[in-house]
Amino acid sequence: MITVKETLGVSADSFFQQILTSAIYDIKQAADKNLTEQQLHKGYQYTKKMRSKLGSSGDVKVKITELDAPRVYAAEFTCATGKNMISYVIESLEKEKITVTYTEDFSGKSASHNLNYKVVGALYKRRAKKKMARMLHNMESYIRQGSPAQSMLADKEE
C-alpha cells in the first residue's frame, strides 16, 4: 500500500471539484458519455481500455466506491490480474488550506500476483510516493491557476 499525505493551498471544495472534473473527463474519453457531476454517484461503473507498461492492452472496469463531497473520493480499477484501489481523503484546515491523504493499494487475483505487487512495490515505493505527491501538487497548481481540467486520474491509473 502506498499512502501520501500532503498539505495544499486550496479549498476542499475546489480540490474535490477537480477530482470530479477529472473523473467526468475520464468517463467521456473511455465511454463517450457526457455526464454531469450530479450523475456521478457511489457505485457508478464504466469500462475503459488501458495499456500496461509492458505494452499489452485490456479492459479495466472502473467503479466509484465512495463519493462524499468534499471529503472522500475512492475508486476501484479491476483488470485481469486484480484490483487497484485509490482514495483521496480531504481534510479542511482553513478556508484555502487542506490536507489530502492519497492511498493506493492492489489486491491480486492470485497469490503470485500479490507477491509480485509486494516485491515490485517495495522496490518502487519511494518513487511512487514522490510521483503521487507531485500529482497532488500539480492538481493544486491547476486549481490555483484556474486552468481547464486535465485527466489527472487517468494519468495515475495503470
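## A lysine patch, a nonpolar core and two backbone features

Lys42, Lys61, Lys63 and Lys109 form a positive surface patch. The model is predicted. One patch member, Lys61, sits in strand 3, which covers residues 57–68. How exposed is Lys61? Its relative accessibility is 40%, so Lys61 counts as partly exposed. Partly exposed here means between the 20% and 50% limits.

Another patch member, Lys63, pairs up in space with a residue of strand 2. That residue is Gln45. Gln45 and Lys63 are 18 residues apart along the chain, yet 4.4 Å separates their C-alpha atoms. Gln45 counts as partly exposed because its relative accessibility is 39%.

### Overall layout

The chain holds 3 helices and 6 strands. In sequence order the pattern is β-α-β-β-β-β-β-α-α. The chain has 158 residues, and 37% of them count as buried.

### The core

The largest nonpolar core has 36 residues. Which of them touch the most other members? They are Phe15, Leu40, Tyr88 and Leu136. Two or more core residues come from each of strand 1 (2–8), helix 1 (12–31), strand 2 (45–51), strand 3, strand 4 (72–79), strand 5 (82–94), strand 6 (97–108) and helix 2 (111–145). Helix 1 is the top contributor to this core, giving 8 residues. Strand 2 and strand 3 are thus named twice in this report: both supply the core, while strand 2 also carries Gln45 and strand 3 carries Lys61.

### Two loops

Two loops hold backbone features. The loop between helix 1 and strand 2 contains Asp32. Asp32 is not a glycine, but its phi is positive, about 55°. Is Asp32 buried or exposed? Asp32 counts as exposed because its relative accessibility is 58%, and the cut-off for exposed is over 50%.

The loop between strand 3 and strand 4 contains Pro70. What kind of peptide bond joins Ala69 and Pro70? The bond is cis, with omega at about -10°.

### Accessibility side by side

The residues discussed above compare as follows.

| Residue | Relative accessibility | Class |
|---|---|---|
| Lys61 | 40% | partly exposed |
| Gln45 | 39% | partly exposed |
| Asp32 | 58% | exposed |

Asp32 lies in a loop, whereas Lys61 lies in strand 3 and Gln45 in strand 2.

Conventions. Residues numbered from 1 in each chain as written. Predicted model: local features only at pLDDT ≥ 70, side-chain atom pairs only at ≥ 80, totals over all residues. Heavy atoms only, no water. Patch = residues over 30% accessible without salt bridge, like charges linked within 9 Å, V, L, I, M, F, W, Y side chains within 5 Å. Areas by Shrake-Rupley, 256 points an atom, 1.4 Å probe, with all protein chains shown as cover. Salt bridge = Lys/Arg side-chain N within 4 Å of Asp/Glu carboxyl O. Lys, Arg positive; Asp, Glu negative; His and termini not counted. Charge placed at Lys NZ, Arg CZ, Asp CG, Glu CD. Helix = DSSP H or I, 4+ residues; strand = E, 2+ residues; numbered from the N terminus. Buried < 20%, exposed > 50% of the residue type's maximum accessible area, 1.4 Å probe, protein only. Core = buried A, V, L, I, M, F, W, Y, C linked by side-chain atoms within 4.5 Å.
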